[in-house]
Amino acid sequence: MRKPLLLSRRHFGLSALSVAAAGLAGCAGNNGGGANTALGDATGIPGGPVQPGAEIGGGQYRVALILPLSAGGNAGLAAQSMKNAAEMALAEFSNPDIQLLVKDDGGNPQLARMVAGQAMDEGAQVILGPLFAQTVQAAGAAARPRNIPVIGFSTDASVAARGVYLLSFLPETDVVRVLGYSFATGKRSYAGIVPENAYGSVVEATFREEVARRGGRIVVLERYDKAKLQASIGVVAQAARGADAIFIPDGGDVAPAIAQGLVSAGVNTRRAQLLGTGLWDDPRIFNDGSMLGGLYAAPDPAGFAGFAQRYQARYGGEPVRTATLAYDSTALIAALVRAQGPQRFSDEVLTNPSGFAGIDGIFRFKPDGTNERGLAVMRVAAGGGQISSPTPKSFGGSGT
């Protein structure tokens, strides 16, 4: 198996990567939230007037970058951070031959479709973004008749398609990785308690499929809403005493309460392994004693730590966690322009099974537009996650 195309600063002719916020539908900040987050959309977010287009870089290959820059609240803040990250990728690449055409969609699907058309009229050969499910879908609808690929940042896999690729952190990948590791350590029977929302539906489906595929069994799987959480905990506790592992795919505002409730109901969470997703990459998880020892899947934090240090030095503030998506997508396009010739943006090149290596590790696009990532398995410890199983270096192995 060929090695993934390296998108790190070493590829740019610079030194190797340093080792080392608030929630947002469709992406997440780095203060109190991991790379993954609950599915959703943020269209119609009140904000300011649409920002005029801008150009970054002077290369001959034009690339659109569509973000909700004028959206209100966390959406606009995330968009600005991602724009900065894309600019930083160009600055760190050695003589990039691309120019970014930055377009503001305000988080609005109609505007996303319009600015995608404008960018293509201006010569854009590929579109990076938008950020949300409906805006990615709208930009993809504009790009498809012109055979222009879109690399979007939504976490909703339902908007992925051939030619519309998602670089985001998909919750399905988290579930597959943490369950793969759990099975490899001998766990066979599983309990689950899953939120009654869109994110819960996605992770439940993957949880059921993956346990069945690996020959395990689910002894109980309960959906809950927060108003009736204690009743759901009670149902799971009754059936979960004989389970090898308990799956709790929720964030720092709920998962500790579930773990505490299970312990109070007599479940030994030191014997039954607690399992979660990237939503566990949260100080509220690390600071709760009932969560200690739990396992979740996430990128190796060293990559983001080095990126954040450089971002802080350049812009004087912290990047949102998903700023790496804008960085890696920009670096990917610059690398393809340099290395791949006339077919640089073709489906065959973008879906290269060897994949690419960026800030958050290796990734590859599937023909259906979704992605696979090489994630670490992290163990919850006081003060932060500790690596239990490192990220794979290539897609040649099982990753478990």
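This section describes a mixed β-sheet, the helices that pack on it, and the surroundings of helix 7 in a predicted model.

The sheet is open and consists of six strands in the order 4-6-5-7-8-9, with mixed pairing. Strand 4 and strand 9 (164-166) form its edges, each pairing on one side only. From one strand to the next, the twist averages 25 degrees. Strand 4 (residues 54-56) runs antiparallel to strand 6 and is joined to it by three bridges; Ala-54 has Val-102 of strand 6 as its bridge partner. On strand 6, parallel pairing with strand 5 (residues 61-67) is made through seven bridges, and Ala-64 stands opposite Leu-101. Strand 5 is also parallel to strand 7 (residues 124-128), to which three bridges join it. In that pairing, Leu-65 is partnered by Leu-128.

Strand 6 (residues 98-104) is mostly covered, with seven of its seven residues buried. In a regular strand, side chains alternate between the two faces of the sheet. For strand 6, one side presents Ile-98, Leu-100, Val-102 and Asp-104, and the other Gln-99, Leu-101 and Lys-103; both faces are covered. The buried set thus includes Asp-104 and Lys-103.

Strand 5, helix 1 (residues 73-92) and strand 6 together make a right-handed β-α-β unit. Helix 1 lies across strand 4, strand 5 and strand 6, and runs at about 160 degrees to strand 5. Helix 3 (residues 133-143) also packs on the sheet, where it touches strand 7, strand 8 (150-152) and strand 9; its direction makes about 175 degrees with that of strand 8.

Helix 1 additionally packs against helix 10 (residues 323-339), at an angle of about 35 degrees and with the axes 7 Å apart. The crossing of these two helices is right-handed. Residues contributed by helix 1 include Ser-81, Met-82, Ala-85, Ala-86, Met-88 and Ala-89, and those met in helix 10 include Ala-323, Leu-325, Tyr-327 and Ala-331. By class, the contact comprises 11 nonpolar, two polar and one charged residues.

Helix 7 (residues 255-264) has Ala-255, Pro-256, Ile-258, Ala-259, Gly-261 and Leu-262 as its buried residues. In an α-helix, residues three or four places apart point the same way. The elements covering the buried residues of helix 7 include strand 10 (189-195), strand 11 (217-224), strand 12 (245-247) and strand 13 (273-276), together with helix 6 (229-240) and helix 8 (283-286). Just after helix 7, Gly-266 adopts a positive phi of about 100 degrees.

Technical notes
Residues numbered from 1 in each chain as written. Predicted model: local features only at pLDDT ≥ 70, side-chain atom pairs only at ≥ 80, totals over all residues. Heavy atoms only, no water. Buried < 20%, exposed > 50% of the residue type's maximum accessible area, 1.4 Å probe, protein only. Helix = DSSP H or I, 4+ residues; strand = E, 2+ residues; numbered from the N terminus. Contact = heavy atoms within 4.5 Å. Pairing = 2+ DSSP bridges. Right-handed = clockwise from strand over helix to strand, strands pointing away. Axes fitted to C-alpha atoms, helices over the stretch in contact; angles between N-to-C directions. Left-handed = near helix turned anticlockwise from the far one by under 90°. Nonpolar A, V, L, I, M, F, W, Y, C, P; charged D, E, K, R; others polar.
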